[in-house]
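Colleague: I am new to this structure and should like a close look at a single part of it. Would you please describe the sheet, and how the rest of the chain is connected to it?

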Amino acid sequence: MGTDLWEYRPGSHPAADLSLVGYEVHATDGPLGRIEQDAGNHLLVDASSWVPGTRVLVPVGLVARIDHLDLAVHLDCPRARLSSAPPAAEDLTARCPR
């Protein structure tokens, strides 16, 4: 049985009325950045603390747990795995002619 990367795992979903914007994101090998947008099926993370000027789309299926007391989201993968994630939509728009 495969896990859908665009859906939260059982037990890792935040409350329906709770946004994760502003939460810190931690990969297994260290901090990734801060959530700028919680889109339901992915998180847009400002990863400038890891790679300056970088924003990363993180599928919610990578969320291992959410710590609401510390305002932190913990992923079950290293940061390097996210380097192959698709660019943020703003970056795609800038690259594609209209």
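Modeller: The account below begins with the overall make-up, proceeds strand by strand through the sheet, and then turns to the core and the salt bridges.

The model is a predicted one. Its secondary structure comprises two helices and six strands, and from the N terminus on the elements follow one another as β-β-β-β-β-β-α-α. Of the 98 residues of the protein, 35% count as buried. The protein exposes about 5900 Å², of which carbon and sulfur atoms supply 55%. Among contacts between residues at least 6 apart in sequence, 46% join residues at least 24 apart.

The six strands form an open sheet with mixed pairing, in the order β4-β3-β2-β1-β6-β5. At its edges stand β4 and β5, each with a single partner strand, so one side of each is left without a neighbour in the sheet. From one strand to the next, the twist averages 35°.

A convenient place to begin is β1. This strand pairs with β2 in the antiparallel sense through four bridges, and a hairpin of two residues joins β1 to β2. Within this pairing, Glu24 stands opposite Arg34 in β2. β1 also pairs with β6, here in the parallel sense and over three bridges; the bridge partner of Val25 in β6 is Val73. The side chains of β1 alternate: Val25 and Ala27 point to one face and are buried, whereas Glu24 and His26 point to the other face and are not buried.

Moving on from β2, one comes to β3. These two strands run antiparallel and are joined by four bridges. Here Ile35 stands opposite Val45 in β3.

The sheet also contributes to the core. In soluble globular proteins, nonpolar side chains tend to be buried together. The largest nonpolar core in this model has 19 residues, and the members that touch the most others are Leu43, Val58, Val73 and Leu75. At least two residues of this core come from each of β2 (30–38), β3 (42–46), β4 (55–59), β5 (63–67) and β6 (72–75).

Val73 deserves particular attention, as it has appeared above both as the bridge partner of Val25 and among the core residues that touch the most other members. Which residues is Val73 in contact with, leaving aside its neighbours within four places in sequence? They are Leu20, Tyr23, Glu24, Val25, His26, Ile35, Leu43, Val63, Arg65 and Ile66. One of these contacts, Leu43, is also listed with Val73 among the core members that touch the most others. Another, Ile35, is the residue that stands opposite Val45.

The next topic is the salt bridges, of which the structure holds four. One of them concerns the sheet directly: Glu36 forms a salt bridge with Arg55, the closest N and O atoms being 2.4 Å apart. Glu36 lies in strand β2 and Arg55 in strand β4, so this pair ties together parts that are 19 residues apart in sequence. Glu36 is partly exposed, with a relative accessible area of 34%, and Arg55 is likewise partly exposed, with a value of 26%.

Another salt bridge joins the side chains of Asp76 and Arg9, at 2.3 Å from N to O. Asp76 lies in the loop between β6 and α1 (79–82), while Arg9 belongs to the segment before β1 (24–27), so the pair ties together parts that are 67 residues apart in sequence. Asp76 is partly exposed, its relative accessible area being 34%; Arg9 is partly exposed too, with a relative accessible area of 26%.

Arg79 and Asp29 form a further salt bridge, with their closest N and O atoms 3.5 Å apart. This pair links distant parts of the chain, 50 residues apart: Arg79 is in helix α1 and Asp29 is in the loop between β1 and β2. Asp29 is partly exposed, at a relative accessible area of 41%.

One loop of the sheet remains to be described. Most residues other than glycine have a negative phi. Leu71, by contrast, has a positive phi of about 55° although it is not a glycine. Leu71 is placed in the loop between β5 and β6 and is partly exposed, with a relative accessible area of 43%.

Key: Residues numbered from 1 in each chain as written. Predicted model: local features only at pLDDT ≥ 70, side-chain atom pairs only at ≥ 80, totals over all residues. Heavy atoms only, no water. Core = buried A, V, L, I, M, F, W, Y, C linked by side-chain atoms within 4.5 Å. Buried < 20%, exposed > 50% of the residue type's maximum accessible area, 1.4 Å probe, protein only. Contact = heavy atoms within 4.5 Å. Pairing = 2+ DSSP bridges. Axes fitted to C-alpha atoms, helices over the stretch in contact; angles between N-to-C directions. Areas by Shrake-Rupley, 256 points an atom, 1.4 Å probe, with all protein chains shown as cover.
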